[in-house]
Amino acid sequence: MKSLKLTDISTSGLNLIEASAGTGKTWTIAALYMRLLLERNMKPEEILVVTYTRAATSELKERIRQRIVNTLEMFSTDRQPVDELEEVISERCPDREIARRLLTRALFSFDNAAVYTIHGFCQRALVDNAFESGSLFDTDMVADQSAIVQEAGDDFWREFILTESDYFVTQLMADKYTPEKLLEQLKGHYQNNELKIIPQTVEYDFTSIAQERTILFNRAADIWRSECIRIKDLLKMPGLNQNSYKPQQIEKAVTSISNWFYGSPYPVFDKLSFFTAEELAKKTVKGATTPQHPFFKLCTDLMNICQTAEDAYKSRLIHLQQALHKWLKAQLPLRKRRANIRCYDDLLLDLHQALHGDKGNEMASCLRERYKAALIDEFQDTDSLQWQIFQRMTEADSKNYPLFLIGDPKQAI
C-alpha cells in the first residue's frame, strides 16, 4: 500500500483509496472530483458519486460545490493556491481561461450533479434505462415490505409446513415455531441470491423414525409405571459410583423421568442417559455387579432413537428453510410486481439482474455513457451485490474507466 499523494493517483482505471473520517476523506473525494472536471473535461452530471446516507450525500454535494466556487475564485483572481489541491490544479491547468470556463460550466450545471445514495443511484439507473432493465415507470416505492413478506410466509406455511406429517408439525409446535419465527431467520436476506443455508441436509424418513421413537417411548413408559420401585432400588445398589448416583440425584432423576413418561417423547428428557445400560456399566465400581433390568437396555435404544429423530427433525427443518428462501426469491418479485411496488432492496436486485440479464451489455454501456467516472464512498460497507453492479458497469473498459473506491476497512460493518 502506498501513502496517498494526489499527484500519484491516476484518473484512469481502478483506484482503491483507504481514507477514514477525520483524515480528509471528503477532501480527497472533492479533490478527485476537481481533477476529473479539469483534467478529463467532465461535467458534474457525468461524475457518479455514491455514498450510503442522505445526510452524507447532502454534505458531499455541498463540499464539492464549495470547492468548485473556491477554485474558480482562484483562477479568476490573482489569489495564490491555499492547499495541495489548488497547487496541483494550478500546475496541471496552466491555461487559466480554459479552467475558468470548465469550472463556470460545472457551477452552473451543478444542480444536475450525480451525487446519490446507493439506492438513489439504482433507482435513477432503472428509470433512465427502463427499456434495457424492463422496469415499470410508475412503480411505488415502499420503505416497509413486511406485509407482503408475511403474506408470502403465511402461504408457504399453509402449503408446505402444515402438509408435513403430524409428527413433524407437533414437534414444530412444541418448539414454538410460527410463520413469523421461520421468516425471522431469513430477515434481511429474503431475496439474497448468494445466501447459503448450511449445513447441507441429509434426507431422513422422519415419520418412520418418529413412529419408532413413539413405540419405544410407550414401551419404556409401560415398564416404568409397573417396575419403577424395583428400578429405583437397583439404582441404589452400592456397586454404583456414589458421586454419580447419590440418593438425591436418583430421587431427582426418578421424578423427572416419571413426569416425562406422562407426557410425550418430545422434548426429550435430557437426563435419559442416567438410566441407560451403558452409563450404568461405566459407573459401576471395579469388582461390583452392574444393575440389570430390561428397562435399562430399552432406555439405551430410546436415547439412540431420540437422537436420530432430533437429527432428522433438524435436517428437515433446514430443508424447509432452504425451500422457504427459494419460495421468497420467486414469490416476492411476482407479488410486488402485481402490486406495482418496490422496496429499497429491490432497487439493488433489479439493477443487478438488469446488468446480468439478456440486455446487460446494453445496460452497462448506457451507464458508462451517462457516467464517465465513478467515486464510491464508504466502500468498506459495499456488499458483493453492490460491488457486482459497479464491476459489471465498468468491466468493458476497466483499464480506462475512472473508478475510485474510497473507504476505511477499520470501520467496516
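The legends below describe an overall view and several close-up views of a predicted model. In this predicted model, local features require a pLDDT of at least 70 and side-chain atom pairs count only at pLDDT 80 or more, whereas totals for chains, interfaces and linings use all residues. Residues are numbered from 1 along each chain as its sequence is written, and side-chain values use heavy atoms, with hydrogens and water left out.

**Figure 1. Overall view of the chain, with 16 helices and seven strands.** Helices (H or I, at least four residues) and strands (E, at least two) are DSSP runs, numbered from the N terminus. The chain has a radius of gyration of 34 Å, well over the 22 Å that the globule rule gives for 413 residues, so it is more spread out than a compact globule. The radius is taken over C-alpha atoms, and the rule is 2.2 Å times the number of residues to the power 0.38. Along the principal axes, the C-alpha atoms fill a box of roughly 105 × 50 × 30 Å. Of the 413 residues, 45% count as buried (buried means under 20% relative accessible area, exposed over 50%, partly exposed in between; 1.4 Å probe, protein chains only). Among contacts (heavy atoms within 4.5 Å) between residues at least 6 apart in sequence, 80% join residues at least 24 apart. The accessible surface comes to about 21,700 Å², of which 51% belongs to carbon and sulfur atoms; accessible areas come from the Shrake-Rupley method with a 1.4 Å probe, and for residues only the protein chains shown count as cover.

**Figure 2. Close-up of the largest cavity, with a volume of about 50 Å³.** The structure holds one cavity of 30 Å³ or more. A cavity is a set of points, on a 1 Å grid over the protein atoms alone, where a 1.4 Å probe fits but cannot get out; lining residues have an atom within 4 Å of a point. Grid points are joined across faces, edges and corners, and a volume is the space filled by probe spheres set on the points. The lining of the largest cavity consists of T201, V202, E203, Y204, A312, S315, R316 and H319. By class, this lining has three nonpolar, three polar and two charged residues (Ala, Val, Leu, Ile, Met, Phe, Trp, Tyr, Cys and Pro count as nonpolar, Asp, Glu, Lys and Arg as charged, and the others, Gly among them, as polar).

**Figure 3. Close-up of T11, in the segment before β1 (14-18).** T11 is buried, at a relative accessible area of 12%. Beyond its neighbours within four places in sequence, T11 contacts R35, L36, E39, R40, P402 and F404. T11 and P402 are 391 residues apart in sequence, yet their C-alpha atoms are 5.6 Å apart in space.

**Figure 4. Close-up of E310 and the cis peptide bond between Y266 and P267.** E310 belongs to helix α13 (residues 294-339) and counts as buried, at 18% relative accessibility. Residues up to four places away in sequence aside, E310 touches Q171 and Y266. Y266 is joined to P267 by a cis peptide bond with an omega of about 5°. P267 lies in the loop between α11 (247-261) and α12 (277-282).

**Figure 5. Close-up of K176 and N340, non-glycine residues with positive phi.** Most residues other than glycine have a negative phi. K176, with a phi of about 60°, lies in the loop between α8 (166-174) and α9 (179-184). K176 is exposed, at a relative accessible area of 66%. N340 has a phi of about 55° and is placed in the loop between α13 and β5 (341-343). N340 counts as buried, at 19% relative accessibility.

Key. 1 Å grid on protein atoms, 1.4 Å probe; cavity = no way out; pocket = protein on both sides within 12 Å on 5 of 7 lines; lining within 4 Å.
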